[in-house]
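Hi,

As promised, here is the structure we talked about, ready for you to load and look over. My notes on what turned up follow right below.

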Amino acid sequence: MAQGITPLTLEELALYNELLSSRFGLVFPEHKREILESRLEPRLRARHVHRYIDYYLLLQYDLEREIDPLTRAVTNNESYFFREAAQLEALQSRLVAELMADGADGKLRLLSAGCAAGEEPYSINIQVRTTCLGLQSRDFEIDAVDIDSERLEMARQAVYRPNSLRTLNADQLARFFVPKGAGGEYELRRTFRSGVRFDRGNIIDLSDRPARTYDVIFCRNVLIYFAEPALKVAIENFARLLRPGGLLFLGHSESIIGLTRLFQVERIEGCIAYRRAGD
């Protein structure tokens, strides 16, 4: 622990878990105490406090001013283009045609929940545009939500460092991006930005979105950090937003098997998906 900051106690950890679970659905068990310490330490220094209990008390009366930096501190924003590509590759012409045929108006609607700086929804957009031949821009919509307003602004700018592009080969990089300045950054071409809408949203509170809206929801590598009560809320929210027969894709290390009857496990193109059960 850096000099001047008192280590996080178990009692303080319990207080933070109560707060973070209620606001974000997150929980840090005892074996991840040092992770929470390291994530919060810069905020303690920025607010000139030396004990984690003091920062906790500060949050009790100044949470609204501190909510954005706290969000950035405790959430995992690690992402990159074409992460867990097999799930994206499942969105081939056959599956897309099936989903569109079963939808209300023949239009494909997708949601990226926990979209970080936009790598996932833009990857989905690229996948659909480049593999589903004959599909027009008017035929599909992609919504993307995240709790971190700063990351959402980065997503709208669509400028990325090499770490976010590490799975792309040279041909893909040239096809989808253009160099941006001399700092090694790349900007996503406008063709592949079109049709993606970004909004602030909390996975455990999506009540502002109409029910049965989406054909596909991607929420990958987010629920792994959730406390069980928040996980169940998230599942119910996804079930409300997906039309019957719609698909939910989670990260490879995540599973909702045995937690709900609202979804049925299905293997699609070599990956696991969860299909919304009928009412």
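The largest pocket has a lining of 14 residues, and M154, V159, Y160, R161 and S164 are the ones nearest its centre. Two elements, α7 and β3 (159-160), each give two or more residues to that lining. Helix α7 gives the most, with three residues. By character, the lining divides into four nonpolar, five polar and five charged residues. The space inside the largest pocket comes to about 240 Å³. Please keep in mind while you look at it that this is a predicted model.

While you are at α7 (residues 149-157), have a look at R156 and E153, whose side chains meet in a salt bridge at 3.7 Å, N to O. The two are three residues apart in that helix, so about one helical turn separates them. In general, an α-helix has 3.6 residues a turn, so residues three or four places apart point the same way. R156 counts as partly exposed because its relative accessibility is 37%, and E153 is also partly exposed, with a relative accessible area of 38%.

The part I would show you next is helix α3 (residues 52-74). A straight helix of 23 residues would span 33 Å at 1.5 Å a residue, yet the end C-alpha atoms of α3 are only 14 Å apart. Where does the kink in α3 sit? It is centred on L63 and amounts to about 110°.

Helix α2 (residues 33-46) makes a useful contrast. Its 14 residues should span 20 Å at 1.5 Å a residue, and the end C-alpha atoms of α2 are 20 Å apart, which agrees. Even so, α2 bends by about 35° at L40, and the proline P42 follows within four residues. Several residues of α2 are buried, namely L36, E37, L40, E41, R43 and L44. For L44, the relative accessible area is 0%. If you want a sense of distance across the model, L44 and G258 lie 40 Å apart, C-alpha to C-alpha, and 214 residues apart in sequence.

Now to the charged pairs. How many salt bridges does the structure hold? The count is 24. One of them joins the side chains of E66 and R43, at 2.6 Å from N to O. E66 belongs to helix α3 and R43 to helix α2, so this pair ties together parts that are 23 residues apart in sequence. Both E66 and R43 are buried.

Another salt bridge is formed by the side chains of R47 and D62, with N and O 3.2 Å apart. This pair also links distant parts of the chain, since R47 sits in the loop between α2 and α3 while D62 is in helix α3, 15 residues away. Is D62 buried or exposed? With a relative accessibility of 15%, D62 counts as buried, because the cut-off for buried is under 20%.

Last on my list is a network of salt bridges that links K107, R109, E141, D143, R197, D199 and R209.

Do write back with any questions once you have had a look around.

Best wishes

Key
Residues numbered from 1 in each chain as written. Predicted model: local features only at pLDDT ≥ 70, side-chain atom pairs only at ≥ 80, totals over all residues. Heavy atoms only, no water. Expected span 1.5 Å × (residues − 1). Bend = angle between axes of the 7 residues up to and from the residue. Salt bridge = Lys/Arg side-chain N within 4 Å of Asp/Glu carboxyl O. Buried < 20%, exposed > 50% of the residue type's maximum accessible area, 1.4 Å probe, protein only. 1 Å grid on protein atoms, 1.4 Å probe; cavity = no way out; pocket = protein on both sides within 12 Å on 5 of 7 lines; lining within 4 Å. Points joined across faces, edges and corners; volume = space filled by probe spheres on them. Nonpolar A, V, L, I, M, F, W, Y, C, P; charged D, E, K, R; others polar.
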